[in-house]
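Student: I would like a close look at one loop residue and its surroundings. Please put it in the context of the whole chain.

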Amino acid sequence: AFAPQVVRPRVIRTFLLSLVLIAAGCAPAVDPGPAPLPPPPAPVAAPVLALPPLPKATPRKADSVLVVKSKRELHLIYDGEPFRTYKVALGARPTGHKARQGDNRTPEGQYVLDRRNPGSRFYKSIHISYPNADDRSSARARGVDPGGLIMIHGLAPEIRDLGSDHTLWDWTNGCIAVTNREMDEIWAFVDMGTPIEILP
């Protein structure tokens with residue numbers, strides 16, 4: 001035979017107190033342990049920016065000069081590409097190749113920039129090697145003086161204030177004229193011995 005189990009009054013009180021606390025919502029919470037860490041945020045892709053191309057570096061010197069008379073433009077060239085362009089004024093009779101002294105024409109052909117004059121009355125000037133051998137031979141055959149002193153130059157003091165408006169007409173005796181500021185740039189970028197081609 002089994003002996004009846006004796007339930008002690010203290011155990012009964014503890015059991016009843018637990019029932020009362022549960023019913024009142026005051027039962028001690030079971031410690032679940034440390035809360036899990038939130039998931040890391042999803043990586044945000046950086047916006048792709050379309051960067052402008054880097055400007056081509058300006059060379060220290062031109063390796064040639066090109067003048068296009070019909071466009072009234074002078075280009076400083078490096079490695080086959082212009083890196084400076086200037087509007088110019090030409091001789092008062094700009095059409096055609098210079099043939100003789102006093103015809104007020106700007107020559108056409110291939111020449112060399114062979115000397116410079118920092119004290120020119122036309123601000124600064126760089127001499128073009130006209131007449132070349134062909135020019136002299138042609139002039140001799142016609143019995144005329146081929147002329148000379150053809151320059152790239154700035155503006156004389158009496159017209160300096162015109163600035164770029166000086167290109168509104170052709171006013172030189174056959175030279176190629178630019179503003180004084182532009183002449184400073186050309187002076188800096190062009191060495192003596194640089195070839196120059198003058199096209200119609």
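Student: What is the relative accessible area of Y123?

Tutor: Y123 has a relative accessible area of 29%, so this residue counts as partly exposed. Buried means under 20%, exposed over 50%, and partly exposed in between, with a 1.4 Å probe and protein chains only. The model is predicted, so local features need pLDDT of at least 70 and side-chain atom pairs pLDDT 80 or more, while totals for chains, interfaces and linings use all residues. Numbering runs from 1 along each chain as its sequence is written, and side-chain values use heavy atoms, leaving out hydrogens and water.

Y123 sits in the loop between β4 and β5; helices (H or I, at least four residues) and strands (E, at least two) are DSSP runs numbered from the N terminus. Its phi is near 65°, a positive value in a residue other than glycine. N104, also not a glycine, has a positive phi of about 60°. N104 belongs to the loop between β3 and β4 and is partly exposed at 24%.

S125 is in strand β5 and counts as buried, at 4% relative accessibility. Beyond its neighbours within four places in sequence, the contacts of S125 (heavy atoms within 4.5 Å) include R115, R116 and N117, as well as M151, I152 and H153. Past β5, in the loop that leads to α2 (133-142), lies P131. A cis peptide bond joins Y130 to P131, with omega about 0°.

Strands β4 (109-117) and β5 (125-128) are among the elements that give two or more residues to the largest nonpolar core. Such a core is a set of buried Ala, Val, Leu, Ile, Met, Phe, Trp, Tyr and Cys residues joined through side-chain atoms within 4.5 Å. This one has 25 residues, and those touching the most other members include L74, I128 and I152. Helix α3 gives the most, with four residues. L74 touches residues including V65, I152, I176 and I186, not counting those up to four places away in sequence.

The chain as a whole has three helices and eight strands, in the order α-β-β-β-β-β-α-β-β-α-β. Of its 200 residues, 33% count as buried. Among contacts between residues at least 6 apart in sequence, 62% join residues at least 24 apart. By contrast with buried S125, L168 counts as exposed, at 68% relative accessibility; L168 is in the loop between β6 and β7.
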